[in-house]
Amino acid sequence: MQNQAKNLINKLGLDPRLLGMIGALVAIWVVFGIFTDGRFLSPRNFFNLSVQTASVAVMATGMVFVIVTRHIDLSVGSMLGFIGMAVAALQVQVLPDLVGLGHWSVWIIAVIAAILMGAVLGAFQGWIIGYLAVPAFIVTLGGLLVYRGAMWWVTEGQTQAPLDTTFRLLGGGAEGTLGESLSWIFGIVAALAAVALMLLSRRNKANHGFAVKPAWAEGILLAIAAGGIMGFVWIMNSYPISKGAMKRMTKAQGIEYTDGMVWNHGVAIPVVILLGVAIVMTVIATRTRFGRYVYATGGNPEAAELSGINTRWLTVKIFALMGALTGIAAVIASARLNAVDVGLGTLDELRVIAAAVIGGTALAGGAGTIYGAVIGALIMQSLQSGMASVGVDAPLQNIVVGVVLVFAVWVDIVYRRRAGA
Amino acid sequence: MDKQTPLVDMRDIHISFGGIHAVDHVSVDLYPGEVVGLLGHNGAGKSTLIKILSGAYQADGGEIYINGEKAEIHNPRDARKYNIETIYQTLALADNLDAASNLFLGRELVTPIGTVDDDAMEAETRKIMAKLNPNFQKFAEPVSALSGGQRQSVAIARAVYFDAKILIMDEPTAALGPHETQMVSELIQQLKTQGIGIFLISHDIHDVMELCDRASVMKNGELVGTVDVNDVTDDDLLGMIILGKRPEGVTVQG
Ligand SMILES: Nc1ncnc2c1ncn2[C@@H]1O[C@H](COP(=O)(O)OP(=O)(O)OP(=O)(O)O)[C@@H](O)[C@H]1O
Ligand SMILES: [Mg+2]
């Protein structure tokens, strides 16, 4: 029986670690589902989970590259706060005078500013690490303090609110989704794209005369991928929008609201952003020279250098990318809260690092996947939300998350040793 | 051969690490189609000398001429521009990547849209490995899963794949079995006929006598001398390596 399962996994070409993570995730969901009489497994909760995970998961994809190259970035939480505050101040205090309150370009300027700020700050840290050879731990520890302090100076500690209405859509909420029809279209396109990609890669392999999976195995994988995507969309499309929000939205669209009218949320915009980021980062990691150099440098920095890779410049690029992703995460986090106070992003660096590490990124360098980090972020968020929903108080939540982190990494180490990798 | 311009001419190279003169004013040269053996005891400075040529180290002083022109080699990328390829003693492989990724590291084959073409690289790797080490089959595993000899085969494949004009081999057969060693010897002979110049570092006097045209011997960072292998016996070479004694009655350069 056990051997049969192993055989099947082998034939399907599935990564056992991925299966382990998904198993852990499902176990967490089921356990909290039982303890909350199914509330945890409601569309509403899954929608909230997906939105709450987005910001940390976006950063975790960048942290994979940082940790793979044997660095660390402790500054992302503070940087998120600083960028969030700066961009909020931009919307509240600067842009209304410049282009007018509620102008269509406000959100675009804000998003570009956030990404640019992150990229520049990250590149600067990367330059100190790569060219001045100060350890990343120290440089980003410094960054953690500097950005948190700088955040206060932007507005002398004042909370910035409310944010631009279009900008707020990027944070999710009743309006910040694709809506029902668009979600279905999104799901179908994504499923078709996944199927097309898998078939294309299969044809390429066959053309080169390499071994390919048996057709039935490929078929099962295709069904899982397409089914998973459509299932997710279906759940998101089963979460009705509240009456209050419906009244607001129908009014805004000039539709008359009647009792009994039901609209569902659909896929939240931050989740669409996360998906986009995850796909782009996966392509970078597995399909570009830059990604190849990241992993080579993590595996053997000396060999990378001897192979002609400019590892210092690579470090600058990695931290710039991490910063840009932090900028995107800052947009999501601030838009979701519709206000930025000086606490925004506090301790996020630890959540991000934990997500990457639970997702199988090795601190010794050289190994880690983007999908792992995203699932890692989802596991962390599920644990936290689950505990909150069964009434575990905050201090105990921290204790549990801390223990789980250590336990998960230990399991990963044991697994690696067994697998001989 | 003497009238030609040397392919490589390293003059008066010196470098020290914290007071230790690892290479102490050494001059060696290499002509097209020639194999020059670099010999010496452990720590004599052989690897350090060739790492200066391959761009891994920056010399404290001295000059390098390639085809008679002064060359500026500040890093491994510069060396590659001069078609210098190196098999490092440490192999310099990224253990977490597979053979093909290592072979093409820094010079990946790309698709028309600019993404790395792993399938094409694996196909090329299969071709070259079929020539070098036909038993090699582990194309999908990371090289950490390979044996020492298999790893060495990958490092050799990487150096010879890219049309090197100057090839540096730092103990290339140290981990190889007799059959694989034989194949590398044949490879060296074949590369010679293509006009490639090779620096071969080896502790095996027999190999050196068989494969090399000349031998440069180092001791404690200094050059003992360079001799034509046809002029000397095994014992002469051993004397140079162990005692630093230049053989009598033969022309010794340097
Ligand atoms: N990066 C370094 N830092 C400090 N010392 C070094 C370094 N590289 C080499 N050395 C020293 O320089 C000297 C020459 O070393 P090298 O590796 O060139 O010897 P070798 O002739 O290649 O020896 P072997 O036959 O053992 O490979 C040694 O004393 C070594 O300790
Ligand atoms: Mg050596």
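This is a short talk on chain B of a predicted model, covering one strand, the two domains and the contact with chain A.

Okay, let's start inside chain B, with strand 3, residues 35-40. Six of its six residues are buried, so the strand is largely enclosed by the rest of the structure. And that goes for both faces: B:V35, B:G37 and B:L39 are buried on one side, and B:V36, B:L38 and B:G40 are buried on the other.

So what does strand 3 pair with? One partner is strand 8, residues 197-201, in the parallel sense, over four bridges. If you want a landmark there, look for B:L38 opposite B:I201. Strand 9, residues 214-219, is another parallel partner, and that pairing runs over five bridges. Over on that side, B:V36 stands opposite B:R214.

Now zoom out to the domains. The domain assignment splits chain B into domain 1, which is 1-83 + 165-254, and domain 2, which is 91-163. In the contact you have 15 residues from domain 1 and 16 residues from domain 2. Their C-alpha centres are 26 Å apart. Between them they bury about 1,100 Å², with 57% of that from carbon and sulfur atoms. On the domain 1 side, the residues losing the most area to domain 2 are B:R80, B:M183 and B:L187, together 39% of what that side buries.

How many salt bridges sit between these two domains? Zero. What you do get is five residue pairs in polar contact. And helix 6, residues 178-193, gives the most to the domain 1 side, with five residues.

Last stop, chain A. Here the contact takes 27 residues from chain B and 24 residues from chain A. The two chains bury about 2,200 Å² between them, 55% of it on carbon and sulfur atoms. Within chain B, B:R77, B:V116 and B:D119 lose the most area to chain A, together 26% of that side's buried area.

As for charges, there are four salt bridges across this interface. One to pull up on screen is B:D118 with A:R292, side chain to side chain, at 3.1 Å, N to O. Polar contacts between the chains come to 13 residue pairs.

Which helices of chain B supply at least two residues each to the side touching chain A? Helix 2, 76-81, and helix 4, 118-132. Helix 4 has the largest share of that side, at seven residues.

That's my tour, thanks for listening.

Terms used: Residues are numbered from 1 along each chain as its sequence is written. Chains are lettered from A and ligands numbered from 1 in the order in which they are written. This is a predicted model: local features need pLDDT of at least 70, side-chain atom pairs count only at pLDDT 80 or more; totals for chains, interfaces and linings use all residues. Side-chain values use heavy atoms; hydrogens and water are left out. Buried means under 20% relative accessible area, exposed over 50%, partly exposed in between (1.4 Å probe, protein chains only). Two strands pair if DSSP finds at least two bridges between them. Domain bounds come from an automatic or database domain assignment. Contact means heavy atoms within 4.5 Å. Buried area is the accessible area (1.4 Å probe) that two parts lose on being put together, summed over both. A polar contact is a pair of N or O atoms within 3.5 Å; within protein, one must be able to donate a hydrogen and the other to accept it, and residues adjacent in sequence count only if both atoms are side-chain atoms.
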